[in-house]
Structure formats: structure tokens, C-alpha cells
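Work through the three exercises below with the structure open. Each task is followed by a solution in steps.

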Amino acid sequence: MSKLTLAQEADRRRTFAIIAHPDAGKTTLTEHILLAGGAVRAAGAVKARGENRRARSDWMKIEKERGISVTASVMTFEHDGKMFNLLDTPGHEDFSEDTYRTLTAADCAIMVLDAAKGIEPQTLKLFEVCRLRDIPIITFINKLDREAQDPMALLDEIASRLQLDPSPIWWPAESGNRLRGLAEVGGQGRFQPYTRKTADNDGEHPAPLPFDQAADFFQGTEQADMVDALELVEAGYKPFDHQAFLEGHMTPVLWGSALRHFGIEELLKAIGEWAPPPKTMKARKEAPPETRNAPAPEDITVEPSKDEVTGFVFKVQANMDPNHRDRIAMFRMASGSFKRGMKLKVQNTGKQLSVNAPIMFFASDRELAEEAYAGDVIGIPNHGVLRVGDSLSESGLVRFAGLPNFAPEILQRVRVKDPLKAKHLQKALVGLAEEGVTQLFRPELGADFIVGAVGQLQFEVMADRLGEEYGLDVMFEPSPYAEARWVSGAKADLEDFAGKYRPQMAADIDQNPVFLAKSSWETGYVAERFPKVAFSKTKERG
Ligand code: G4P
């Protein structure tokens, strides 16, 4: 049992995600953050863990073949009196929808840039989601051990392309073969030397020391040049302002090399000190589902120190063991003190669950969670009762909104090769849609299902899982549709529209009406013709 109060437990949580363009070094950085946090003992552990995981689950062979990570999970570790929950987001762009949902469970994001490449397309996309959700960002510029762009050019790119004030906390003394270390900007004027790995040096970096005592680590005029550079930097960039960072106007910039475990302690310290603890969340208090003449829902705020356990499911993962059809719902707590065995209710169905075997994902292994607090993520095994976007609480009345579904960019028809298995296919498709793997649309007329995805790779994962888990050999065929839009409006207006476009109307798995457009031109055309109907690219479940 914790001796700390609820507020103190919540206050020491740091729940964060790493966002990066593929190849910028997210996996390597994850590993080295875990190493610096004492959560794993040797480099290579994250990959080894990945290998084990793959060995246990066949469907992830796609992950192995394509060398990409397609599932998001969480790793928890305790360091320096704080509990860190690192949410792992898939980097491949086809999985951006999954990434977006994971970011709804994060309180802070680490944006990793490759020092030679700066901001890349996927960085920009992910950044936009963080901005939309008011998630503060710490920047880590990686791969300093290789030739980098001019540091000022990198910061200017952050300022101009992201409209974000960069505030350098450290400044790199060169890069690549000439990398000498990192000098602190302002502050105590420390210097963190860099050491190369050689035959007789294990490459451990010396402890930081005052900059004016660091002459041994420089050559020629390098140190004097650095003094001039630091003067320019201090005059040219705003000093770090915690409030501006929390409000999303400023990003502290740190530098290093994930691969060479350089600059990682500084990054971890910055997360511990500056990343916000779980915040007060907006929610709605609803009447129980079966209530007649229910009162109108009430807008409420949920403080992390509130007694009642509340939270939401941001991801559902298939069980790693293909012999079990169980799923693990990743539940992000917004408040309360969770104890194993507790009963929680699903807000929209009123179903009650006894959470007897909750899982905490400690970096080294999975463990049963005995207790958890706001900011923590626990895995709740269930047989399909929990869905992405579900809100859970002790009372069953608290509902968090804001988990988006994104309009798919590819729509295909799916057929099973053995026609006797059509019923099975339907069940499997619903299952995968509930997990959020792909979206499913059931046209009002006709029998074919339309499956939607943000990227092609989602179809590959889907086909693989349909084969491995459900024994279904399927084929995808082009559909006549190019776009899907959720439609809403007054009943009469919706009926008028649907009446005219019946063959293109469908329902999603929550029975929300969807218009399937044959082209983006058609979407624009109907939106103009039916101004009272809203055609939406996203749908927020909750
Ligand atoms: P990702 O998850 O963002 O896609 O990137 P990942 O960590 O897999 O890193 C991509 C490549 O960049 C890897 O090389 C990795 O070793 C390298 N890398 C990451 N951080 C650094 C760094 O600080 N310095 C240097 N020089 N390289 C770095 P790879 O050759 O593609 O893979 P591997 O065979 O080394 O695993």
C-alpha cells in the first residue's frame, strides 16, 4: 500500500509518448531511456523483448518481415521517485490512426528529430495531433554522433514550421567526428563531454564539469568559438519558461545520440522535472443507460486526486497468445486509486467488470497490477466487452469524449474464398473493427461489407490476422468508393439526404450513419447541395 496521498501519487506520474518520423531513432531512444531509468540492464533489451513477443504471436510476423512496429504498448518504470509510463507509438505512417489514439493517453510528447534531417513529414503530422490535444513537447535532436545540420538552422526550422519557440537547454559542441560534447545554455554553465568508443575505451561519457574547466576536451580554438556561439544562442533564443512549455508555445531542446547513450540522462531529467503530471480532464456525468426520463448529462471536471477510479480505453490489443481469444484493453486512468479485484462499470453499456488480473507493463516484464493511480495505464483482459473509446469508472456514470476515428483513406470490399464461411467473416470483421484494426461499414443495401483503413498496411495486418486467428482466407477487391464521411444533422434533413443517396449510405459498427462517396469531388458536391447536413472526417467516440 502506498504511503503517499492520492494527490502525491498522481503528481509523481509522467505519462509520455515519443513521436518521430520512421528511422529518426525512436526505438533506440526508447531503449536508452529505459536503460537510463534503470528499467533494463543492457542495451538490446527492447529488441530482445520484441523478438520474444514475436515468437509468441504469429500474426506479428508482418512486423518482423517488414521491420516495423505495428502495435502500441506501454512501458512503466520507476526512477528518481517518479513513475514513468512510456507509451510506445508505431512509427509507420499507415498506423497513424493508432498513434493518434495513443497520444490521447499521453500528457507529454518527446519529439525526436534526426540532426541531419530536421523535421520530416511524419514529424509534422504527429506534431499537429499534439497541438490539437494541447500536449506539451520536449524536443530531442538525435544522431549527433553523425554529421548534423547547423544547430541554429534546426531550431529555426522548429520555429518557422511548427510555430513553436525553441529554447535550447544545451548546445552541441560540433557533431560527427568532431563532436566534443554538450554545453549548458545559461544555467550553471556545465559541459557534458562526449567520448568515442575505441578498442581501449568502453565509450562511457565522463561526468559533466564546469565549461571553463573543460579545455582538455577541445582542440585548437574550439572552446573559444563555443563561448562566442553560446553568447549568440543566449541572446537569440528565449530562456526556458515552464508555463509557456505547458501551454504549448515553447519546446525545450535537448541533443544527443541515442545509439551512443549520450544526452539521455539529461532528457530523462527534463521529463521528470518539466513534463506535466496527469491533468484535470473534462468529462460528462451521464445517467445510467437504463434510466427513463434521464436528466441531461452534466459537464464535469475530473481531478486526478478524485477518489473514484475513472479513465478510458485508448487501445485494445489482441492477446499475444493466439490460443486465447482474449483481448487486452489498455486503460488510461484519469483519477482515483485502483486496487486489484476492483469492480468497474462501462459507461455506455452499464456492464460491470471485476478487474481481477490487471496487467502493468513493467519494462522488464508484465506483472499483475496491485494498485494504480491517475496517469497509469493498466491492461484489462476481457472477452471483447471493452472497446476503444469506452469510459470506465466505479459509478459507471463518467464519460470521457475525444477519442477520434479518422475517415479511412482506402475503402475495399472484402470476401472470403469459401462462401460457407461468410458468417464467420462477419464476426471476425466486427471483432477487428472493435479492436480498431480497421473500420467496418455495412451498406444499407446489398450484402458486401466495406472495410476502411488509413493505410494499405492495415489491410495486410487484417488479412494476416483473419488467416491466423480466424482461419479465413480472404481477398480484397476494389470498392467503388473513395471516401467515407460521418453524417449528422436534424432528423428530417438526414432523412432527406439519405433518401436521395440510399445506395451510398452505410452504418459503422456503432450504427452511426456514413456516406460513402465515389470521389472527393462528390463529397464536395453533396456538402454544397445539403448545407444542413454535416459531413465529417472524424468521429469522436466516448
Ligand atoms: P525508429 O524506431 O525511429 O524507426 O528508429 P530506430 O531506433 O530503429 O533507428 C533507426 C536507425 O538509426 C537504426 O539503424 C539505429 O541504429 C540508428 N540510430 C538511432 N539512433 C542513432 C544515433 O544516435 N546515432 C546513429 N549513428 N544512429 C542511430 P539501422 O542501421 O537502420 O538499424 P540497426 O541495424 O542498427 O538496428
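For the counts in the first exercise, Ala, Val, Leu, Ile, Met, Phe, Trp, Tyr, Cys and Pro are nonpolar, Asp, Glu, Lys and Arg are charged, and the others, Gly among them, are polar. The model is predicted.

**Exercise 1.** Describe the residues around the ligand.

Solution. Step 1: the ligand has 17 residues around it, and G25, K26, T27, T28 and L259 come nearest. Step 2: sorted by class, the shell holds 5 nonpolar, 6 polar and 6 charged residues. Step 3: helix 2 (residues 26-36) supplies the largest share, 3 residues.

**Exercise 2.** Decide whether D107 is buried or exposed, and find what surrounds D107.

Solution. Step 1: locate D107 in the loop that links helix 5 (96-103) to strand 4 (108-114). Step 2: a residue is buried if 20 or more other C-beta atoms lie within 10 Å of its own. D107 is buried because 22 other C-beta atoms lie within 10 Å. Step 3: setting aside neighbours within four places in sequence, D107 contacts T15, F16, A275, P276, P278, K279 and G375. Step 4: take G375 from that list; D107 and G375 are 268 residues apart in sequence, yet 8.2 Å apart in space, C-alpha to C-alpha.

**Exercise 3.** Give the strand order of the open sheet of 4 strands, and find the helix that lies across strand 7 and strand 8.

Solution. Step 1: the order is 7-8-9-10, with antiparallel pairing. Step 2: strand 7 (170-173) and strand 10 (209-210) are the edge strands, each pairing on one side only. Step 3: strand 8 (residues 181-184) and strand 9 (residues 190-193) pair over 3 bridges, and A183 stands opposite F191 in strand 9. Step 4: the helix is helix 8 (residues 222-236), which runs at about 150 degrees to strand 7.

Conventions:
Residues are numbered from 1 along each chain as its sequence is written. This is a predicted model: local features need pLDDT of at least 70, side-chain atom pairs count only at pLDDT 80 or more; totals for chains, interfaces and linings use all residues. Two strands pair if DSSP finds at least two bridges between them. Helices (H or I, at least four residues) and strands (E, at least two) are DSSP runs, numbered from the N terminus. Two residues are in contact if their C-beta atoms, placed from the backbone, lie within 7 Å. Axes are lines fitted to C-alpha atoms, for helices over the stretch in contact, and angles run from 0 to 180 degrees between N-to-C directions. A residue is near a molecule or strand if its C-beta atom, placed from the backbone, lies within 6 Å of it. A residue is buried if 20 or more other C-beta atoms lie within 10 Å of its own, exposed if 12 or fewer, and partly exposed in between; C-beta atoms are placed from the backbone.
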